Amino acid sequence: MVAFLIRLKQRLQFTGWLQYIPLLVWAGLFGLLGLLCWFLSLSTVMSVFLSLSGLFVALFVFDVVTLKWGIRPKESLPPRRDDLNAFDLMRARRSCRSFQDRLLTDKDREELLGYVKEYSEAPYGGALGKAPIRFAYVEAPLTVWPVVGAREFLVAIAPKEYNRLSVVDVGRALQHIVHKATKMGLGTCWIGPGADHKSAIAALGERFDAEQDHIICFCAIGYASFLMPFFIRTIVGIVQRRRKPLSDLFFLGETLKQPLDTTSAPFDQLGRTYEVCQWAPSSFNAQPTRCAAIMDEAGETIVRFDFFATTASRYYAPVALGIWCTQWELGCEALGIQGHFEILSSEERGGAAQVVSVQERQAHYDISWLPNTPL
């Protein structure tokens, strides 16, 4: 039975119906409750349940007609966001779950692909893992979930031989592209577990070598639509508003035991940099990255920040950490604080352990950010 339900879910997911079916399930549930109330002669309650059942049927029909079948009015192009500073731009960005039924204009596509080229090369693409990564532009209705209407994607590709830092590179470089796309007024959505790699491989054709390449994730790009499946809108509204507090993400010292007071000196120099990491894109909103501020022996000056992943995920955790790296460096750049990323050995970190316990989980050290001058 479980295997059947899993196969059914996958079938609905990759045929594009999973976003809509929950409305029919709810409609059926309220219909059955209404029928039960009819048997029990509870006419008032019956009317409520049957009304709710009818409402969900109506929502299902509306979503299928406008989104699945594409019968909807033309929407206007969204404005650019050149007027926003780096912090406001990072906070303004939201995962786009529904796209307009139109392709990027030639001008927007050219500008976007310019950023793709820029951030696929040093000092971003392949800088940490020392291996080439790339982002292949695909114009095709790839099989993804829960995004609807997406027709243009960037497919992140790394070498098939696993290199954790190359996966971090993907997250870091692609988030820079996403940042630029947000400035252009484009909608973007990182897609990991909800992507069917077979559809991407078919669309890539000769640009993908199964012997050499591995797809890390997708990023849907286009113009956001105001229409969205009711089920997805409800789930996204709940999930996107839930973020861990800064006290669960930033710590003082490599043991990750003491929450960092980001408002006290000298940590307040980083301002909203903590905030934009807190709100960084994260698969299923899992937020698996942690950061530790490391002080000098006198406890007066910040010498570095160490970044950790709290899950054993080989792909999504390092991608999330790479996204944090971008949010961090963009924040520091906006504040005029210069620094760089390094992978430090345990000895270089003063004998600190590579794996530590944090909030009943294991945190694995990945990378450090060092200010060019102590803060």
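**Exercises on a predicted model: sheet, salt bridges and surface**

Strand β2 (residues 152-159) pairs with β4 in the antiparallel sense over seven bridges. Two strands count as paired if DSSP finds at least two bridges between them; strands (E, at least two residues) and helices (H or I, at least four) are DSSP runs, numbered from the N terminus. This is a predicted model, in which local features need pLDDT of at least 70 and side-chain atom pairs count only at pLDDT 80 or more, while totals for chains, interfaces and linings use all residues. Residues are numbered from 1 along each chain as its sequence is written, and side-chain values use heavy atoms, with hydrogens and water left out.

**Exercise 1. Determine the strand order of the open sheet of four strands and state which helices pack on the sheet.**

Step 1. The order is β1-β2-β4-β3, with antiparallel pairing. β1 (134-139) and β3 stand at the edges with a single partner strand each, so one side of each has no neighbour in the sheet. From one strand to the next, the twist averages 25°; angles run from 0 to 180 degrees between N-to-C directions, and axes are lines fitted to C-alpha atoms, for helices over the stretch in contact.

Step 2. Locate the pairs. In β4, phenylalanine 218 stands opposite valine 155. Strand β4 (residues 213-222) also pairs with β3 in the antiparallel sense, over five bridges, and glycine 222 in β4 is the bridge partner of glycine 187.

Step 3. Add the helices. Helix α5 (residues 106-119) packs on the sheet and touches β1, β2 and β4, where contact means heavy atoms within 4.5 Å. The direction of α5 makes about 160° with that of β1. Helix α6 lies across β1, β2, β3 and β4, running at about 165° to β3.

**Exercise 2. Establish how far strand β3 (residues 187-191) is covered, and which way its residues point.**

Step 1. Five of the five residues of β3 are buried, that is, under 20% relative accessible area; exposed means over 50%, and partly exposed lies in between (1.4 Å probe, protein chains only).

Step 2. In a regular strand the side chains alternate between the two faces of the sheet. In β3, Gly187, Cys189 and Ile191 point one way, and Thr188 and Trp190 the other.

**Exercise 3. Explain what the salt bridge between arginine 164 and aspartate 366 ties together, and give the cover of each partner.**

Step 1. Apply the criterion: a side-chain nitrogen of Lys or Arg lies within 4 Å of a carboxyl oxygen of Asp or Glu. In this pair the closest N and O atoms are 2.7 Å apart.

Step 2. Arginine 164 lies in helix α6 (residues 164-183) and aspartate 366 in strand β11 (residues 361-371), so the pair ties together parts that are 202 residues apart in sequence.

Step 3. Arginine 164 counts as partly exposed because its relative accessibility is 23%; aspartate 366, at 8%, counts as buried.

Step 4. Set this beside other pairs. The structure holds 15 salt bridges. One of them joins arginine 304 to aspartate 306 (2.8 Å, N to O); arginine 304 is buried at 8%, and aspartate 306 is buried at 0%. Asp88, Arg91, Arg272 and Glu275 are linked in a network of salt bridges.
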